[in-house]
Every structure is written in structure tokens, then in C-alpha cells.
Amino acid sequence: MIRLTATELPRFVQCNGFLQLDKVDEFDKDTTLRDEGDAAHWVCETVFKGEKTVEELIDKKAPNGYFVDAEMIAHCLPYIDAIKGRGEVEADTSYSDKGWAVAGRTDHRYNEGLTLYIDDFKFGYRIVEPDENWTLLSHAIEYFVNQRLGHQNIQEVVLRIFQPRAIHPVSSIREWKVSVDDLFSTYWFRLLTALDDPSKNVTTGSNCYRCASFSLCPAATISTMTALESSSRAFNAKLTPSQTSQMLDEMKRAQEVIKQALRAHEDSALHEVRKGVSIPNYSGVTNQTSPKWKEGVTAEAMEAMTGKKLSKKTIITPTQAVAKGVSEEIIKQFSERKTTGLKLIRVSDSEQARKMFGDKK
């Protein structure tokens with residue numbers, strides 16, 4: 001039985017074979033950005049359902065404990081205004097057949113006349129495009145497969161991305177249209193073929209981003225080695241504009257492949273370090289956030305104690321206070337740093353020995 005989420009479909013469609021590989025889950029994953037995005041989605045859903053106004057949500061905490069400020073509200077407003085009074089939010093888009101199941105939930109959908117709109121609100125910074133977006137295509141396919149209300153009258157589907165914080169050359173709101181005929185003859189046919197008879201082949205591409213099988217994937221290994229080879233070429237200053245463009249594309253692709261490979265192998269190494277395995281030349285150290293003032297610490301109290309002016313409209317950060325000459329002992333006493341897990345650093349054999357056994361002469 002193949003079980004996938006709509007979010008996994010972009011990877012599955014491009015690389016059916018990833019399902020056959022073992023996985024190395026991300027080590028001590030930092031959920032800060034995800035928690036922030038979840039809070040922003042909660043804001044939009046709460047306002048859409050009429051449970052609270054945007055004004056009432058400022059300075060409140062979302063159910064996941066993340067603080068909602070005026071800046072978050074400002075980023076949410078264009079999306080809230082676009083969906084206000086239309087359709088449904090957080091709609092279930094799951095569908096299945098013998099041998100496979102796709103679980104999904106769309107941020108927002110509604111039909112107007114002959115058009116179905118599928119909306120996705122992205123609060124992160126990594127650019128996401130609506131064009132042939134398999135997650136959104138899956139949400140649209142489910143609407144017809146499960147015969148949602150009015151499905152028989154729809155002739156066109158509009159997939160929309162709302163991404164307020166990422167800098168995009170076109171717009172923070174982007175859309176892509178597909179006819180219902182093309183949706184089924186092209187995209188549903190391709191997806192159904194893969195679900196009914198998935199290939200064991202693995203393929204590299206954008207689908208490799210944060211893939212848990214990257215460090216174990218033979219195609220990714222070849223791609224990484226090719227990227228390393230490409231990065232070591234001698235620089236040629238006499239390229240034509242067309243060759244320069246091609247080389248820039250190649251270098252950017254090589255950079256992304258190596259970045260993904262490094263992250264994947266660091267995660268693999270950290271899992272081994274956590275189990276007590278010694279990795280030559282590498283060690284795990286505690287990873288922490290930048291220091292933040294403890295609850296109750298005020299600018300007035302710190303200024304009285306240190307004799308330094310530490311406030312603008314609010315107290316400056318501990319790092320800025322160090323730059324103004326406040327001793328690190330005071331900073332440590334009145335600030336705190338959160339531990340976010342381990343990070344991998346390269347160390348020499350002698351340094352690693354000193355960490356493990358101390359200086360012995």
C-alpha cells in the first residue's frame with residue numbers, strides 16, 4: 001500500500017524510486033519557521049471563520065504558543081482579503097484507490113462560475129511557484145474525483161500561491177491556470193500511472209530538497225560528484241554571454257546539490273555521533289540561539305546596573321549590549337540561550353582527543 005501526502009507528491013512524481021530507499025530523518029530539526037507559519041495560518045483561518053478580528057489577534061499567542069505580532073498580521077492581510085467570504089479553509093483533499101492513498105488538506109478553495117480556485121498560503125521565504133505544482137494539482141484532482149459540489153460545471157482550475165515575505169520578481173501573489181481537460185488528460189493520467197505502477201528508478205532535481213533519503217541515494221551521489229567536478233573547473237574569462245548564462249545556471253545547480261548533500265550527510269553523521277560512534281575529524285557540539293533577555297529584564301534595570309544606555313524604544317539585544325561594552329558575565333546572568341540540538345563541526349584528531357580525555361602530559 002502506497003501512502004503519500006499531497007506535500008510529498010512533487011517528489012514522488014519526479015522520483016518514484018525514493019519510496020524504495022531507507023530514510024535518515026533530519027537531526028534535531030529546528031521547527032521555528034514551521035511554528036511561525038502554523039501561527040500565521042491559524043490567524044488567517046480564525047479571521048476567515050469570523051471567530052476573531054485581526055485587531056483582536058495582535059499580541060496574542062497562537063495555539064502552538066507562537067506570538068502573533070502586528071508584522072505577522074500585516075503579511076496575512078492580503079491573503080485574508082482575497083479569500084474573505086468565499087469557499088472553505090483547511091478543506092480535506094484526501095482520496096484513495098486500491099493499493100494507494102493520498103492524504104491532503106488545502107489552505108483554501110472555492111468555485112466561482114466555471115472556475116475552481118485552489119489557494120496555498122506560504123509564510124516562508126523559499127520561493128514556491130504555482131506552475132505545475134503537484135501539491136495544488138492533487139487538491140484540484142480530489143475535487144473532481146470525490147465529486148465535490150458543483151464539480152460537473154467547472155471548466156478551468158486556477159492554482160494560486162500567496163507568499164507575502166519572499167521577494168519575487170513577479171508578485172507575492174502568483175497564479176497558474178489549467179483546463180479541466182488538461183488536468184485529467186495530462187496530470188491525473190501521469191499521477192495515476194505512477195501510483196498504480198511506480199518505477200524503482202531514482203532521479204535528481206528539485207525533488208531532492210530536504211529528501212530524507214538523499215545521503216543513501218545512488219543518483220544523488222552521482223549528482224554530488226558531478227557538482228564537485230563542475231565547481232573545480234578552471235575559470236574562463238572569455239565566455240560569450242550565452243556561455244556565461246549557461247555556466248551561471250550550472251554553478252547555481254551545483255551549489256544547490258552540494259548544499260543538499262552537505263545537509264544530508266551532516267544529519268547522517270549526527271545520528272551516528274548521538275549513538276556514540278566516533279566520526280574521524282568531526283564532533284557534535286551543542287547548538288544554541290543568540291542570547292535573549294530573560295523574562296522581566298528591563299532596559300531601566302540593566303542601565304542602572306551597567307551604566308550603559310541600552311534602550312531605543314525597547315531594550316537592545318544582548319549581543320548589541322556586548323558591543324556597547326557590557327561585560328559578558330552580566331550578559332550571561334540576565335540573558336538566556338535556547339538549545340536547538342547539535343551541529344557538526346570539523347576538528348583535528350588532537351582536538352577531538354582533548355575533548356574526550358582532557359590534557360594529559
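User: Which helix and which strand each supply at least two residues of the lining of the second largest cavity?
Analyst: This is a predicted model. The lining of the second largest cavity consists of H41, C44, E45, Y79, V89, E90, D107 and F121. Two elements each give at least two of these residues: helix 2 (32-48) and strand 4 (88-92).

User: Which element gives the most to that lining of the second largest cavity, and with how many residues?
Analyst: H41, C44 and E45 are among the lining residues. Helix 2 covers 32-48. The top contributor is helix 2, with three residues.

User: How do the residues lining the second largest cavity divide by class, and how many are charged?
Analyst: The second largest cavity holds about 50 Å³ of space. Its lining has four nonpolar residues and one polar residue. The charged residues number three.

User: How many cavities of 30 Å³ or more does the whole structure have, and what is the volume of the largest?
Analyst: A search of the whole structure finds three cavities of 30 Å³ or more. The largest cavity has a volume of about 80 Å³.

User: Which residue in the lining of the largest cavity is charged?
Analyst: The lining of the largest cavity is made of R11, C15, F18, L21, T203, N207, C208, C211, S213, F214, C217 and A220. By class these divide into eight nonpolar, three polar and one charged. Arg counts as charged. The charged residue is R11.

User: Why is one side of strand 1 and of strand 5 left without a neighbour in the sheet?
Analyst: The open sheet of three strands has the order 1-6-5, with mixed pairing. Strand 1 (2-5) and strand 5 (95-97) stand at its edges, so one side of each has no neighbour, because each has a single partner strand.

User: By what angle are neighbouring strands of the three-strand sheet turned against each other on average?
Analyst: The strand order in this sheet is 1-6-5. With direction ignored, the average turn between its neighbouring strands is 10°.

User: Which residue of strand 6 is the bridge partner of Y95?
Analyst: Strand 5 and strand 6 (residues 100-103) pair in the antiparallel sense. Three bridges make up that pairing. The partner of Y95 is V102.

User: Which strands form the edges of the five-strand sheet?
Analyst: The open sheet of five strands has mixed pairing and the order 4-7-8-9-10. Its edge strands pair on one side only. They are strand 4 and strand 10 (173-179).

User: Which residue of strand 8 stands opposite N111?
Analyst: Strand 7 (residues 105-112) and strand 8 (residues 115-121) run antiparallel. Five bridges join them. Opposite N111 stands L116.

User: Which strands does helix 4 touch as it packs on the five-strand sheet, and what angle does its direction make with that of strand 8?
Analyst: Helix 2 packs on this sheet and touches strand 4, strand 7 and strand 8. Helix 4 (residues 70-83) touches strand 4, strand 7, strand 8 and strand 9 (156-162). The direction of helix 4 makes an angle with that of strand 8 of about 165°.

User: How are helix 5 and helix 6 oriented to each other?
Analyst: The axes of helix 5 (residues 134-145) and helix 6 come within 11 Å. They cross at roughly 110°. Angles of 65 to 115 degrees fall in one class. The two helices are therefore roughly perpendicular.

User: How many nonpolar residues does the contact of helix 5 with helix 6 have?
Analyst: Helix 5 brings W134, L137, A140, I141, F144 and V145. Helix 6 meets them with V180, L183, F184, Y187, W188, R190 and L191. The contact has no polar and one charged residue; its nonpolar count is 12.

Methods. Residues are numbered from 1 along each chain as its sequence is written. This is a predicted model: local features need pLDDT of at least 70, side-chain atom pairs count only at pLDDT 80 or more; totals for chains, interfaces and linings use all residues. Side-chain values use heavy atoms; hydrogens and water are left out. On a 1 Å grid over the protein atoms alone, a cavity is a set of points where a 1.4 Å probe fits but cannot get out, and a pocket is an open set with protein on both sides within 12 Å along at least five of seven lines; lining residues have an atom within 4 Å of a point. Grid points are joined across faces, edges and corners, and a volume is the space filled by probe spheres set on the points. Helices (H or I, at least four residues) and strands (E, at least two) are DSSP runs, numbered from the N terminus. Two strands pair if DSSP finds at least two bridges between them. Axes are lines fitted to C-alpha atoms, for helices over the stretch in contact, and angles run from 0 to 180 degrees between N-to-C directions. Contact means heavy atoms within 4.5 Å. Angles under 35 degrees count as roughly parallel, over 145 as roughly antiparallel, 65 to 115 as roughly perpendicular and the rest as oblique.
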